[in-house]
Amino acid sequence: MPDSNKLIIFDTTLRDGEQSPGASMTREEKLRIARQLERLKVDVIEAGFAASSPGDFDAIRAIASTIKESIICSLSRANERDIARAAEALEPAARKRIHTFIATSPLHMEKKLRMSPDQVYEQARLAVRYARKFTDDVEFSPEDGSRSDLDFLCRVLEGVIDEGATTINFADTVGYGVPEMIGHTLKTLRERIPNSDKAVWSVHCHNDLGMAVANSLAAVMIGGARQIECTINGLGERAGNTALEEIVMAVKTRRDHFKLDVGIDTAQIVPTSKLVSQITGFAVQPNKAVVGANAFAHASGIHQDGILKARDTYEIMRAEDVGWSANKIVLGKLSGRNAFKQRLEELGIALASEAEVNAAFARFKELADRKSDIFDEDIMALVSDEQNAHEHEFYKFVSLSQHSETGEKPSAKVVFAADGKEVKCEGQGNGPVDAIVNAIESHTASGAELLLFSVNAITTGTQSQGEVTMRLSKSGRIVNGVGADLDIVVASAKAYLSALNKLQSKNEKLNPQL
Ligand code: KIV
Ligand code: ZN
């Protein structure tokens, strides 16, 4: 059994986080996030659901081959095929975990699984027994645990612990729980199940009623859980999961109350948040705790005055402790390839080949010609752009010209490559972005519906690059495209083409819970 004062941080950004509509990530993107999660020192990285697609299988295998410090985990439904696939993907991992689950609520068993409680009980036992053939680190989750019958849960969980499950993860799949209920349910389960002390107890909460963090902490304080499953920025199905940054900073800042330790390097929280938001295209709301742009901004005169006199009058955490740094100029026009490469290494960005470093360096030089000060955020954006160009290169932005004048309909000419062939197109629209989208659509005719269009400044000041996210939907598929440029109209064209590329790719994934 692990140290009872240690709270295990299990990150599921790459699995449950990826289940957010449009958040699906490529192998390279997942690897970049996994490397950053290792720098953040999370205990367990749930890298994906191996049986969901060949792409996810490859991503898990790549992460398992690369990451040395964190335990690498794959989700699998409670059947031999999924478990064998998870085991195969995890094979290169230094430390591996198989996470298997089955629904235990009457509603899910009857309507979704069409199985009797006895069948679910047997299937859960079989799954854990089979998973133990591949690793002695096996986690079991009763899906929809918070709407399950307590007696039945006791029976199933005792059975799976008996088969060798080492972590029991209580899942509030639909975010139905409230703190006292989750806390007391876990407490009762641990008291009533005779072999409960043979497993670490964990909690997995969704945020449908905005209580995921409170529910998880109640599971710890009342229920004795010692693992919390969470995601960066609270990404996840529907309203998302428990936010890692909030859990970690609550436990650290109020150690007097929680009396628990976490192994997280908190200075990596903001860089991780920015990376995840940039890759997935899910912007962080400004007033989000810990990682929102306003989390440490004091606007009122009274607060500013207080802060100047004594910082702790209005600040319970220090911005720098979670990785907020005033935008630091890191490179400029005169910086050479070596300085650029070294900064990539310091940021934990490992490009696959020297050719990729050269291509990223060329982009850096181009940017440095147009913008005097280059910040870490600029480097991260150009690397993402470069990797996108490598991965989904069916459509590639080349150039554009756009004309807007008061009282006139904006027009645009866009040049891009489609499968290596240059295409020139023109369009008009109600605004400049509408004009470039119409121009691109005049050739691609994707017919996709634009669900979201957002622009964020990557750093501060009017010199900042704009980062645009376009979320498109077509035939039930939702994808996010992200593009960055000093010119936000160019960034919009890049984002639109990147989203079209994702729609083109046949990276279909099975949702484990459907
Ligand atoms: O929400 C859920 O029930 C899950 C399980 C697979 C743990 O994500
Ligand atoms: Zn979940």
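Which strands each supply at least two residues of the shell around ligand 1? In this predicted model, the strands that do so are β4, β5 and β6, and the report begins with the sheet to which they belong before it turns to the ligand.

## The barrel

Eight strands, running in the order β1-β2-β3-β4-β5-β6-β7-β8, close into a barrel, and their pairing is parallel. On average, and with direction ignored, neighbouring strands of this sheet are turned by 25 degrees against each other. As general background, the strands of a sheet pair through backbone hydrogen bonds, and this pairing may be either parallel or antiparallel.

## Strand β5 and its neighbours

One pair within the barrel is formed by strand β4, which covers residues 96-103, and strand β5, which covers residues 138-143; the two pair in the parallel sense over six bridges. Within this part of the structure, F101 stands opposite S141 in β5.

Helix α6, made up of residues 150-163, packs on the sheet and touches β5, β6 (167-172) and β7 (200-205). The direction of helix α6 makes about 165 degrees with that of β5.

## The surroundings of ligand 1

There are 13 residues around ligand 1, and those that come nearest are R15, D16, T173, H206 and Q513. Sorted by class, the shell around ligand 1 contains three nonpolar, seven polar and three charged residues.

Several side chains place polar atoms at short listed distances from oxygen atoms of ligand 1: for H206 the distance is 3.0 Å, for Q513 it is 3.1 Å, and for an N or O atom in the side chain of H204 it is 3.1 Å. Taken on its own, ligand 1 has 260 Å² of accessible area, and the protein covers 100% of it.

Notes. Residues are numbered from 1 along each chain as its sequence is written. Chains are lettered from A and ligands numbered from 1 in the order in which they are written. This is a predicted model: local features need pLDDT of at least 70, side-chain atom pairs count only at pLDDT 80 or more; totals for chains, interfaces and linings use all residues. Side-chain values use heavy atoms; hydrogens and water are left out. Two strands pair if DSSP finds at least two bridges between them. Helices (H or I, at least four residues) and strands (E, at least two) are DSSP runs, numbered from the N terminus. Axes are lines fitted to C-alpha atoms, for helices over the stretch in contact, and angles run from 0 to 180 degrees between N-to-C directions. Contact means heavy atoms within 4.5 Å. A residue is near a molecule or strand if one of its heavy atoms lies within 4 Å of it. A polar contact is a pair of N or O atoms within 3.5 Å; within protein, one must be able to donate a hydrogen and the other to accept it, and residues adjacent in sequence count only if both atoms are side-chain atoms. Accessible areas come from the Shrake-Rupley method with a 1.4 Å probe; for residues, only the protein chains shown count as cover. Ala, Val, Leu, Ile, Met, Phe, Trp, Tyr, Cys and Pro count as nonpolar, Asp, Glu, Lys and Arg as charged, and the others, Gly among them, as polar.
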